[in-house]
Amino acid sequence: MVQTTPRPAQTIPVYAAVDFTVVNGANLGDPISFAAELDQGDTYELHQTALQERLAVLMDESGRFTIAESSEIGRPGAALHLDCCLTMMAGTGQTTEVLVLVEVDDAGCVAEVYILPLAELVPRIGYALVGIDRNNARRKFAEVGCVSFTRGTHITMASGEQRMIEDLALGDMVLTRDDGPQEVRWIGASTVRAVGEFAPIRIKADTLHNLNDLRVSPDHRLFIYQRSDELGAGRHEVLVRARHLVNGDTVVQEGGGFVEYFQLLFDTHQIIYAEGIAAETLLVDTRTRPALPEDLSEKLAQALPGHDNRVRRDFEVTEALLNHTDAAKLLKRASTR
């Protein structure tokens, strides 16, 4: 029998529904709920004492969600339904998208409702519900999970040239850690508000032996080779999410304005070099697949199933192992000793 390593849980910052309630409208006093119970025009406020908690989510091969054992909120093992994407408008006219997730009990009834804001929600500001989208919630959730580099990132080509990611083209040969020169099969590009889960992480020059600053999406995983196992991971090769390295100094999350993100896709999940740091490329799985364009060529579509064989699940270290005063500094030291 083939042994497989369990998929790592994805953690997302959510509010409990009871923290986001109607202050004006038909459902006065009610918490946010799933699409069938909502009325456009209702105005919601986030409670002053509301705290975001990390909901750990597991996804199986069919795309079904369950709550992981490591979750700070919810019942481990419970089914989770991604219900809809809501558009909320503040009094200033600025809109914010919110994903609604529903925890279901063993009888199939609603147990809890959570919201994942795709931009910051500010307490005691009214947000009018102006849109309910039941069709594109999966795509929005996939976009959060797509690992991305920002405009201006230097990528190491097969020739050794350092080329900005926005200057790459399909068919270009990029140097990969495991398979040498590999052909770029697809390049994604999007401009989004740099807020919440879309605010990039900046790893300042020399933090991880990088010559220039590197800016990536929060869940982007970086490959680190520890000469000495400073983390206690039990292995020298580890993958670390950029968000877990934030220290307020050499690694920071930069919110505000807009950010232009790029995704690189190869025939298999790869580790490439961005500003000299080994970093993963887009992994196509049940979560991220909805973010890909529907008109991908048949040839490319045939290549995608092979991605799951290169996930390197056992390389990823948990956030708990990175609970140090300065994990980035520790990893830099570990990579040189």
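## Strands around β8, a buried helix and an arginine

In this predicted model, let's start with A16, whose bridge partner in β8 is Y114. That pair belongs to a wider match-up: β1 and β8 run antiparallel and are joined by two bridges.

β8 also pairs with β7, again in the antiparallel sense, this time over seven bridges. Look for V102, which has V113 of β8 as its bridge partner. β7 and β8 make a hairpin with five residues between them. In that turn sits G108, with a positive phi of about 85 degrees.

Here are the two strand pairings side by side.

| Strand pair | Sense | Bridges | A bridge partner pair |
|---|---|---|---|
| β1 and β8 | antiparallel | two bridges | A16 and Y114 |
| β7 and β8 | antiparallel | seven bridges | V102 and V113 |

Now for the helix. α1 covers residues 137-145, and its buried residues are A137, K140, F141, A142, V144 and G145. What do the buried residues of α1 pack against? They pack against β1 (10-16), β5 (65-67), β6 (79-90), β7 (95-104) and β8 (110-117). So the strands we've just met, β1, β7 and β8, are among the helix's packing partners. As a general rule, an α-helix has 3.6 residues a turn, so residues three or four places apart point the same way.

Finally, hop over to R243, in the loop between β19 (237-241) and β20 (251-253). Is R243 buried or exposed? R243 counts as buried because its relative accessible area is 16%, and the cut-off is under 20%. Leaving aside residues up to four places away in sequence, R243 touches R54, E197, I201, P218 and D219. With D219, the side chains also share a polar contact of 3.0 Å.

Terms used:
Residues are numbered from 1 along each chain as its sequence is written. This is a predicted model: local features need pLDDT of at least 70, side-chain atom pairs count only at pLDDT 80 or more; totals for chains, interfaces and linings use all residues. Side-chain values use heavy atoms; hydrogens and water are left out. Buried means under 20% relative accessible area, exposed over 50%, partly exposed in between (1.4 Å probe, protein chains only). Helices (H or I, at least four residues) and strands (E, at least two) are DSSP runs, numbered from the N terminus. Contact means heavy atoms within 4.5 Å. Two strands pair if DSSP finds at least two bridges between them. A polar contact is a pair of N or O atoms within 3.5 Å; within protein, one must be able to donate a hydrogen and the other to accept it, and residues adjacent in sequence count only if both atoms are side-chain atoms.
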